[in-house]
Amino acid sequence: MKYWLMKSEPDIFSIHDLQRKKIEHWDGVRNYQARNFIRDDMKLGDLVLFYHSNAEVIGVAGIAQICKEGYPDFTAFDKENVHFDPSSKKEEPRWFMVDVKFVECFEMVVSLEILKKTAGLENMVVTRKGSRLSVQPVTNSEYEIICLLGRKKKK
């Protein structure tokens, strides 16, 4: 099993939206490195740290799980969709997505500030200056540390 961090803006799609829907496709990824992770590396059962970006509190808000492996992102073919890409063809798709299912909301969002200050998380991609990658690998130990932080009761 692998572990991932996937970013979403909560005003567009939040962990609470996923909780309500139970399962949803993760569309709109338009970065080749992130696409390659989705297309080639994400497998059924992999766990995802659901990260809220561009939010009041930026950080990891909960956990999701990959429930359908990479397949062509149909939003790339839809001229009415904000993620439309005229150079992506159904017979040769450029962009891919996965389906994720809700696992849990954390007791508290593990903020980016906390991630940067926590021992054992120094090498996370998300903590690197200038890192904007929306889908990124996470080590088993990083995943475990963040889960412990997120499951702490709010003070």
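**Close-ups of a predicted model**

**View 1. Six strands make up an open sheet, lined up in the order 2-5-4-3-1-6.** The pairing here is mixed. Strand 2 (23-26) and strand 6 (135-138) sit at the edges with a single partner strand each, so one side of each has no neighbour in the sheet. Going from one strand to the next, the twist averages 40°. Keep in mind that this is a predicted model.

**View 2. Here strand 1 (residues 3-8) meets strand 3 (residues 47-52).** These two run in the parallel sense and share six bridges. To find one of the pairs, start at Tyr3: its bridge partner in strand 3 is Leu47. As a reminder, strands of a sheet pair through backbone hydrogen bonds, either parallel or antiparallel.

**View 3. Helix 4 (residues 140-150) packs on the sheet.** Helix 4 touches strand 1, strand 3, strand 4 (59-72), strand 5 (96-111) and strand 6. Its direction makes about 50° with that of strand 5.

**View 4. Now we zoom in on the largest nonpolar core, a group of 21 residues.** Met6, Trp26, Ile38, Met42, Val98, Val100 and Val135 have the most contacts inside this core. Strand 1, helix 1 (15-21), helix 2 (32-41), strand 3, strand 4 and strand 5 each give two or more residues to it. What does Val98 touch? Leaving out residues up to four places away in sequence, its contacts include Met6, Trp26, Ile38, Met42 and Ile66, and also Glu24, His25 and Lys68.

**View 5. A second core, separate from the one in View 4, has 18 residues.** Among them are Leu5, Leu49, Val126 and Tyr143.

Methods:
Residues are numbered from 1 along each chain as its sequence is written. This is a predicted model: local features need pLDDT of at least 70, side-chain atom pairs count only at pLDDT 80 or more; totals for chains, interfaces and linings use all residues. Side-chain values use heavy atoms; hydrogens and water are left out. Two strands pair if DSSP finds at least two bridges between them. Helices (H or I, at least four residues) and strands (E, at least two) are DSSP runs, numbered from the N terminus. Axes are lines fitted to C-alpha atoms, for helices over the stretch in contact, and angles run from 0 to 180 degrees between N-to-C directions. Contact means heavy atoms within 4.5 Å. A nonpolar core is a set of buried Ala, Val, Leu, Ile, Met, Phe, Trp, Tyr and Cys residues joined through side-chain atoms within 4.5 Å. Buried means under 20% relative accessible area, exposed over 50%, partly exposed in between (1.4 Å probe, protein chains only).
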